[in-house]
Every structure is written in structure tokens, then in C-alpha cells.
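Student: I should like to work through this protein step by step, asking about its strands, sheets, helices and cysteines. May we begin with a look at the structure itself?

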Amino acid sequence: MSGEVRLSRRRFLKYAAGTAGALVIGIGTAEALDRPPPLGLLGDAWAQVGPYLRVAADGRVYIGVRDPDNGEGTATSLARIIAEELDADWSQVIVEPLGLGVRSGNGEPDFIYGRQRSGDATSIPAAWADLRQAGALGRWLLLQAAARRLGLPADQLRSENGAVIASDGRRLSYADLASAAASVDAPSSPPPLKAADQYRLIGQPAGDVDARAAVTGQLRYTADDTVGNAVVAVLARCPYPGGTLDSADRDAAKKVEGVYDIIDITPEQGQAPGDTPQAPAIAVLASDTWAALSGRAALKAKWKPGATPEPNSYTLEQKALELFADDAATPSTVRSDGDIAAIRKKAARTLEATYFQPWVAHATAETPNCVVRLDPDTSITVIAATQSPRAAYAVVQRMTGFRPDQIDIQVPRGGGAFGRRLEQDYIAEAVAVALAKKDDAIRNRPVRLLWTRDDDLAHDYYRPLAVHRLNAFIDRKKALVGWQQRMASPSVLAGGNTPDNRLWQSELVADALPAGLVPNFRSDWYPLPSQLSRGEWRGSPNVTPTFASESFIDEIANLLKVNPLDFRLGMLGEGRQLPYSGRGGPIDTARLANVLKLAAEKIDWSRWLRSENGLGIACSYVFGAYVAHAIEVAPSGEGIDIHRAVCVADVGRVINPLGLEAQLQGATMDALSTALNLAITVKDGRVQQTGFRDYPLAATQPLPYEVETVIVPSMAEPTGASVIGVPSAAPALANAVFRATAVRIRRLPLLRELSRLR
């Protein structure tokens with residue numbers, strides 16, 4: 001953030017009435033400016049409503065982006081929605097991140113910018129309507145101002161690329177009109193939106209607005225903030241879930257040069273996971289990072305497990321198998337169609353497979369960190385790359401008791417998120433340290449909390465370990481007539497307020513395919529005991545069940561000796577709408593079949609039977625988007641090389657094709673890297689991984705040189721894109737390996753994610 005200016009309601013009214021030169025548009029009312037806006041949006045005058053858009057007197061257009069951007073391209077796409085309706089000159093647009101918009105309303109927080117959440121493919125769908133209205137309002141006001149200046153009716157004028165143009169060729173720039181437009185009364189009803197055939201920005205490729213700053217090192221992240229000569233804090237955390245402190249040499253730590261204070265941090269009882277520090281910890285506050293880390297090392301903290309140690313990974317897997325075999329076990333039934341028990345007895349052929357998936361960490365490039373500036377009597381400012389500023393606000397408000405107008409949440413660009421920054425534990429830690437510091441030398445200085453990579457891997461909110469057992473039932477005509485799937489995992493929702501019989505909702509989607517495609521279908525979920533923290537990971541709850549179901553479809557096709565692409569298309573059948581209780585439904589089977597066909601065409605699926613390499617294909621429906629992957633692999637020694645990777649996506653109307661392409665490519669590479677290499681393992685009650693040496697992201701080999709993307713043109717409502725390229729990538733890889741190795745699949749020392757088939 002470039003800075004802020006605090007304006008009271010009364011001062012704002014005087015200021016707006018006494019100045020001119022800019023047009024400011026927003027969503028909400030003028031009271032929105034009681035929340036300090038970024039300096040870039042302030043300018044020298046205000047008119048109309050809150051700080052989403054400012055057309056300055058020098059022609060520059062400042063657009064405030066409400067949702068956090070952690071690399072998803074949110075800032076670019078949301079800004080282009082507004083700029084499109086405004087008919088702005090994109091070369092003159094400057095994008096400003098907005099912090100949390102909150103004010104007091106009858107004693108309760110009033111969130112003035114809307115939902116403010118990112119990373120779960122919801123930013124664009126949620127913003128599509130209201131951000132277009134903000135841009136359309138700006139364009140309407142500028143046209144009215146031009147009409148008065150030119151003495152022509154507004155309907156005889158058009159806007160284009162930052163200017164209003166009359167039919168006789170006269171042209172007025174937005175810079176010339178900004179001051180006059182600020183004095184035009186707002187319309188009695190919302191101005192009309194542009195027709196799609198008038199779009200000049202939406203649907204055209206644009207580079208990320210922060211790209212140049214990122215690659216030149218000028219982009220400022222939370223850790224770069226130097227506000228108020230902050231002290232540095234690092235924490236020694238208990239590595240055992242449910243564990244406690246055994247001993248620590250605080251005196252030795254305090255003797256380290258530069259160390260100011262040692263503070264004990266304790267998780268708050270009764271709070272939801274992610275809203276409080278994850279584990280008991282000791283904070284070391286120091287003048288700089290080196291001193292803080294040296295002080296932490298000098299603590300020589302020793303910890304001990306709790307009464308119920310965390311089971312190791314193999315134990316949990318065996319527990320799942322025991323549950324599947326125990327007729328007395330009572331799972332949660334997620335969906336039940338037809339009569340599986342009856343069809344099991346009638347089946348001419350059956351197939352069973354078991355798939356194992358490990359714990360997985362987020363491993364974001366930028367580890368969690370947070371800056372807190374606290375005035376114990378008046379206010380608190382929190383600077384953090386969170387995916388949910390509202391959730392951060394709730395944590396800060398609970399811990400401080402401050403009113404909404406006393407809390408400022410600033411959200412700079414983040415270095416990756418993938419669901420990790422939906423949790424607010426690192427913010428709770430920083431606030432706890434700020435509240436607890438007593439040393440006179442640092443009492444009034446901000447706190448900068450830093451996590452190291454070993455902190456990050458040992459205290460993540462992991463994608464849960466999962467075990468799947470699937471059964472298929474085939475009739476005498478070789479038709480798939482029954483499908484039974486059982487999944488066991490530790491629920492992400494456990495420990496909160498979710499009833500036990502609904503804990504499966506973080507692990508499965510009831511209507512996820514092939515539900516609705518097989519007449520007799522049953523899905524059950526079994527809870528596994530674990531104290532490890534877990535959370536959303538790149539498309540949850542679609543990722544783990546999609547891997548199992550899409551891999552199993554290829555096994556069924558192999559049993560029936562049919563082409564797996566044809567088998568999938570046969571299952572989808574004629575194009576129709578399938579009910580879908582998850583986000584984004586219903587499912588259009590024709591659109592899903594289309595991305596499958598396009599992926600097959602791109603990779604030349606006609607080679608499937610005769611190719612020396614293995615070709616694999618898989619598809620998924622994720623939050624309203626239709627995605628398919630096709631992968632080509634070749635066995636190489638004890639492993640594989642991925643020769644090609646194709647990703648096809650239908651996301652409805654595309655805001656920024658270049659941004660979508662980047663998201664699909666990055667998600668695919670991340671999914672393949674995870675499938676090939678990554679697993680968090682628990683042994684002796686604690687996580688074993690401490691860095692990239694034992695949690696190795698994939699190198700150039702065996703990953704493909706590029707991910708070939710195909711974006712389906714569409715006029716449908718837009719969906720999000722940040723996670724949709726993940727779910728179908730790993731099963732497409734598994735299916736390619738399955739084809740390449742044929743019967744040797746059970747002997748291949750395959751990747752952890754590609755499962756140990758049984």
C-alpha cells in the first residue's frame with residue numbers, strides 16, 4: 001500500500017464540497033470514505049460514492065481492487081471489468097489494492113466493499129455484476145458532462161479509449177471532463193451496461209498489472225513493510241499436535257545481542273482452527289531477523305507430545321482399510337441412488353481398486369508473515385497477505401475488542417496462497433505478540449512476524465490424507481450399472497461447529513461425477529482421527545475424489561477393453577443438465593464432453609492404442625468450470641518423463657485470456673509436481689518434513705517443457721480460474737502411466753500421489 005489518509009465523515013463532506021478536479025466512483029455510500037482509502041485513489045477531489053474508481057484531472061484512471069491478489073491475477077481481471085465499462089484507456093490505468101472496507105453500523109461491522117475473498121475461483125463471478133455497474137456509472141457521468149460541454153444530447157455521443165467523441169468528430173478526453181463529471185447528479189436508475197459485442201478489453205489478453213514490479217524486485221510484500229521501525233518476531237512452536245512445552249532456556253535467549261523480549265503464546269481455547277495460534281509457542285522479539293533466529297536457537301526449546309500422539313501416516317491408512325472392512329462401521333452416506341446391494345448380487349463382473357493420497361502442504365513461495373502496529377488505546381493496523389480480510393478482521397476484533405473504525409486491515413500482494421492464507425493463525429500470532437510485549441524499549445514499536453520454511457512445512461493447514469475404495473459393477477452387456485465409492489479422511493471441518501454427519505462436506509461434493517451418470521450409485525465417507533491442522537488446498541473438495549474417480553474410470557475401461565475416452569463420452573451420454581448441489585451447478589454434460597474431445601484432439605488421441613508412450617486423459621467440473629487434461633508419458637528408468645501436457649478449459653466468458661492461460665499452466669504444473677514428489681509424513685507424533693530438501697518441488701525433469709492450453713470461447717457467465725486446473729491433472733497423469741506400464745503398474749515404484757493401487 002502506498003499510504004493512507006484518514007477522513008472523518010464531517011471533514012469528507014467539507015472536502016468534497018470545496019474541491020474539484022476528479023471523478024470518484026464506488027459502491028456503497030459516501031460514508032465509505034470513513035475507511036482510510038489508499039493515497040492513489042484519494043486525489044484532489046471526491047464526488048459520488050466510495051473509492052473504487054477515480055478519473056483524475058491528468059487523465060490517469062485509478063481503479064481500486066477489493067479482492068486480495070496472491071498471484072491469481074485478481075487485480076488485473078477485476079480492474080479490467082471496471083475499465084471495460086468505463087471505456088478507459090488501459091495504458092492510463094493504475095491499479096490500487098484496497099484493504100478491508102469496514103465501518104461501524106449500529107454497533108456491528110458494515111463491510112462496504114462486498115465479500116473480499118480470493119483464491120477459490122469466486123472473485124470474478126462475485127464481482128461481475130457490481131463492478132460493471134461501477135464502470136458504467138463513471139462512463140454515464142462523463143457522457144453527461146460532455147453533453148453539457150458540447151451542447152448535444154448524451155445519446156449522440158460515444159465513449160472510446162478514455163475519451164468522449166461526438167458524431168461531428170469533436171473529442172473530449174476524460175481528463176478534460178473529470179471535474180465537470182464530478183458535479184453531475186447521479187442517475188435515478190443504474191445506467192445501461194455495454195453489450196458484449198462492444199467489449200474492447202474483456203476477452204483480450206493483458207499482462208499482470210504487477211508483473212514488471214515483481215520481476216524487477218520493486219513489488220512490495222508484507223515483509224518489505226518498514227512502518228514504524230518494527231521489531232522482528234520469530235516463534236519456536238510445539239511440533240507435536242496437542243503437545244506442550246517441556247523446557248526452554250529463556251535466559252540464554254535474552255543474552256543474544258539484539259534480543260529484546262521473550263513471550264509465551266498460547267492458543268485460545270474454544271476458537272475454530274485457523275482463528276488462533278496453531279500451537280503453544282515462544283516468541284523471540286529482536287532488532288533484526290538474524291538476532292531473532294539466533295535467540296530462537298538459544299532457547300533450545302524441548303517439547304513433549306500430548307496424551308494422544310498423532311498417528312503416523314501408515315497407521316491412518318490401515319485404519320481406513322479396517323473401516324472399509326468393518327460391517328459395523330457407520331459412515332456418513334453422501335449420496336445413494338438405486339440399490340447397490342441388489343446390483344452387486346446381479347453383476348456379471350466386478351472391479352475393486354484402492355487409492356491412497358498423502359498429506360500435502362501448500363508450500364507457498366512467500367511464507368506466512370504479518371506486520372502489526374498497535375496503539376493500545378486507539379487503533380490497530382494489520383498488514384498481511386490474507387485471502388480473507390473479513391476473517392482477519394474477525395480475529396483482530398475478537399483479540400483486541402476494538403470497534404470497526406479502529407481496525408485497519410491492509411492487504412498487499414501475496415507470494416502465493418493456494419488456500420493457506422484463508423487461515424488466520426499467523427495474524428493471530430502477530431496480534432498476540434503485539435498485545436503481550438511489555439519491554440519499554442519496544443512497547444510502542446510495531447511487530448513484524450516472520451515464518452521460516454521449516455515453520456511453514458511443520459505448521460501448515462494440510463490437504464488431508466485420504467484413502468478411497470471404489471467398486472464397479474458390470475452387467476452381461478458390459479454396461480456399467482453400479483458404482484460404489486468409499487472415502488476415509490480427517491475432515492477439514494472437524495473441531496468447528498459442523499455436525500458430525502456433515503463433516504464430509506469439506507472432503508466430497510455429493511453430486512460430483514459420476515453421480516447422476518450411473519443408475520446405481522453410492523458414496524460413503526468415514527472419518528479418520530487426526531490432530532494435524534488441515535484446510536483448503538487448490539480446489540478442495542474436488543481434488544482428492546476426482547483423482548480416485550477419474551483413475552478408476554480408466555481401470556474400468558481397461559477391464560472392458562475399450563478406449564477410455566470413448567468410455568467417458570459414453571458415460572456422459574447426450575448433452576443435458578445434471579443437478580449439482582455444489583457451487584456453480586447445474587452440470588452441462590455437453591460442455592464437459594466438449595473439453596474432453598478438444599483435449600483428445602490436441603494430443604492426437606488417435607495414437608492411444610498404438611503409441612509406445614502412454615496417453616492419459618481425465619476431466620473435472622470445478623466451481624462452474626469444465627476442464628480436461630491429456631498427458632503423454634514415457635517410462636524412464638525407475639520413473640517417467642512427461643512429454644506433453646494439454647489443458648482445455650471452458651470457464652464461460654473469459655476476462656483476460658493471458659491470465660487464464662497462466663493460471664491453467666501454473667495449476668497443472670503444481671498438480672503434476674505434487675503428484676510426482678510431494679507428501680507430508682508423520683512419524684513419532686510429528687511432521688517429518690522441514691524444507692524443500694525433503695519436500696522437493698519438481699525440477700525441469702520429468703515435467704513437460706510447457707503446458708499446452710486451449711480456452712473454449714463462450715458467452716456463458718464467467719467463472720473463476722485460480723484452482724480449476726488442478727483436479728484433473730494428476731488423474732490424467734496416473735492414467736497415462738497406467739497405459740504406459742500396462743500390467744507392470746502394480747510393480748512400478750510410482751509417485752506417492754499416483755497411489756499404491758491394490
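Student: In this model, which residue is the bridge partner of A233 in β20?
Tutor: The model is a predicted one. Strand β10 and strand β20 (residues 447-450) run parallel and are joined by three bridges. In β20, the residue that pairs with A233 is L449.

Student: β10 also pairs with strand β13; which residue in β13 stands opposite R237?
Tutor: The pairing of β10 with β13 (residues 281-286) is antiparallel and extends over six bridges. Opposite R237, the residue in β13 is A281.

Student: How many of the seven residues of strand β10 are buried?
Tutor: Both faces of β10 are covered. On one side V231, A233, L235 and R237 are buried, and on the other V232, V234 and A236. The strand (residues 231-237) is therefore largely enclosed by the rest of the structure, its buried residues numbering seven of the seven.

Student: In what order do the strands of the five-stranded open sheet follow one another?
Tutor: The pairing in this sheet is mixed. Its edge strands, each pairing on one side only, are β15 (332-337) and β16 (349-357). The order is β15-β23-β22-β21-β16.

Student: By how many degrees are neighbouring strands of this sheet turned against each other on average?
Tutor: The value is an average over neighbouring strands, with direction ignored. The turn is 10 degrees.

Student: Which residue in β22 stands opposite H468?
Tutor: Strand β21 (residues 466-474) and strand β22 (residues 480-489) run antiparallel, and eight bridges join them. Opposite H468 in β22 is M487.

Student: Which helix packs on this sheet?
Tutor: The helix touches β16, β21 and β22. Its direction makes about 145 degrees with that of β16. It spans residues 543-560 and is helix α14.

Student: Which strands stand at the edges of the open sheet formed by four strands?
Tutor: The order of this sheet is β26-β27-β28-β31, and its pairing is mixed. Each edge strand has a single partner strand, so one side of each is left without a neighbour in the sheet. The edge strands are β26 (614-622) and β31 (707-711).

Student: What angle does the direction of helix α17 make with that of β31?
Tutor: Helix α17 (residues 657-677) packs on the four-stranded sheet. The strands it touches are β27 (625-636), β28 and β31. With the direction of β31, its own makes an angle of about 135 degrees.

Student: Which residue in β31 is the bridge partner of V648?
Tutor: Strand β28 (residues 639-650) and β31 run parallel, with five bridges between them. One of the paired positions is A645, whose partner in β31 is V707. For V648, the partner in β31 is V710.

Student: In the hairpin of β27 and β28, which residue takes a positive phi?
Tutor: The two strands run antiparallel and are joined by 11 bridges, with V627 standing opposite A649 in β28. Two residues lie between the strands of the hairpin. The residue with a positive phi, near 60 degrees, is G637.

Student: At roughly what angle do the axes of helices α4 and α5 cross?
Tutor: The axes of α4 (residues 123-150) and α5 (residues 174-181) come within 9 Å. The crossing angle makes α4 roughly perpendicular to α5. By class, their contact has nine nonpolar, no polar and two charged residues. The axes cross at roughly 95 degrees.

Student: Is L143 buried or exposed?
Tutor: L143 lies in helix α4. Leaving aside residues up to four places away in sequence, L143 touches A154, L157, R158, S159 and V164. With a relative accessible area of 11%, L143 is buried.

Student: How far is the sulfur of C619 from the closest cysteine sulfur?
Tutor: A search of the whole structure finds zero disulfides. C619 is buried, with a relative accessible area of 9%. Its closest cysteine sulfur is in C647, too far for a bond, since a disulfide needs sulfur atoms within 2.5 Å. The distance is 12 Å.

Methods. Residues numbered from 1 in each chain as written. Predicted model: local features only at pLDDT ≥ 70, side-chain atom pairs only at ≥ 80, totals over all residues. Heavy atoms only, no water. Axes fitted to C-alpha atoms, helices over the stretch in contact; angles between N-to-C directions. Parallel < 35°, antiparallel > 145°, perpendicular 65-115°, else oblique. Nonpolar A, V, L, I, M, F, W, Y, C, P; charged D, E, K, R; others polar. Pairing = 2+ DSSP bridges. Contact = heavy atoms within 4.5 Å. Buried < 20%, exposed > 50% of the residue type's maximum accessible area, 1.4 Å probe, protein only.
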